[in-house]
Amino acid sequence: MFRVADCCGVFAANRAGIASLRLTSGGNAVHSDMLAWHPSETPEQASRQILNAIFGTVQYSMMLRTVPEAHKRMMAHWIRFSREHEEALQHGAFRPHHPEHQYPVIEGEGAAERIIGVYTDTMLAACGPKGKRIIVLNATGSDHVLLDLAFAPEDVKAFDTYGNPAPAPTLAAGLNSVRIPEGGYLSFR
């Protein structure tokens with residue numbers, strides 16, 4: 001097992017550490033630094049800590065008795081999401097992009113799906129070829145991401161940071177500026 005060096009509260013350092021360790025660990029488990037955030041943050045803001053660590057084994061360091069109920073619901077959703085999509089997040093092909101910018105786009109791909117974490121709203125994320133379900137995680141801190149789609153997507157669904165359905169955007173082949181709830185995600189085929 002490998003763990004990212006201490007970087008409490010610095011989610012970009014956690015993300016970059018996870019990506020660098022996964023590229024060099026020879027397939028060993030890579031754990032995040034312990035996650036913590038201030039209880040006054042919105043659930044969407046707090047979810048950025050989790051989404052920046054989601055391609056590693058996420059470790060929480062919050063006193064649950066002091067965490068607001070909305071944060072607990074958000075955490076429970078992302079724990080379920082991590083379990084349901086473990087193959088793509090932890091065991092499949094791993095492609096972090098642009099190390100010179102602390103990996104602002106990271107992809108994990110399993111047999112049935114491709115998960116793309118987008119961490120900067122000014123970075124274009126290419127969604128790849130047709131054939132698999134694609135999930136785009138919005139960890140940018142805003143409510144939009146830039147996507148390059150090689151095809152016109154079908155079965156487009158959006159979700160908020162709790163996993164609740166949200167209004168789905170209309171997507172087309174080519175470049176798209178897409179509204180995705182902050183701390184939420186988009187799913188399509």
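**View 1. Strands β4 and β5 sit side by side, running antiparallel.** In this predicted model, five bridges join β4 (residues 105–109) to β5 (residues 113–118). To spot one partnership, look for Glu109, whose bridge partner in β5 is Arg114.

**View 2. Step back a little and an open sheet of seven strands comes into view.** Follow the order β3-β4-β5-β7-β12-β9-β10 across the sheet, where the pairing is mixed. At the edges are β3 and β10 (165–166), and each of these strands pairs on one side only.

**View 3. Here are Phe55 and Phe94, an aromatic pair.** The structure holds six aromatic pairs. In the one formed by Phe55 and Phe94, the rings are tilted, with 6.2 Å from centre to centre and 55 degrees between the planes. This pair links distant parts of the chain: Phe55 belongs to the loop between α2 (43–51) and α3 (69–84), while Phe94 is in strand β3 (residues 93–97), 39 residues apart. Phe55 counts as buried because its relative accessibility is 3%. Phe94 also counts as buried, at 17% relative accessibility.

**View 4. Stay with Phe94 and you'll find Arg22 over its ring.** The charged end of Arg22 sits 4.0 Å from the centre of that ring.

**View 5. Another arginine, Arg73, lies over the face of Tyr162.** Here the distance to the ring centre is 4.4 Å.

**View 6. Four aromatic residues gather in one cluster.** Its members are Trp78, Phe81, Phe159 and Tyr185.

Note on methods: Residues numbered from 1 in each chain as written. Predicted model: local features only at pLDDT ≥ 70, side-chain atom pairs only at ≥ 80, totals over all residues. Heavy atoms only, no water. Phe/Tyr/Trp six-rings, centres within 6.5 Å; stacked < 30°, edge-to-face > 60°. Helix = DSSP H or I, 4+ residues; strand = E, 2+ residues; numbered from the N terminus. Buried < 20%, exposed > 50% of the residue type's maximum accessible area, 1.4 Å probe, protein only. Lys NZ or Arg CZ within 6 Å of the ring centre and 35° of its normal. Pairing = 2+ DSSP bridges.
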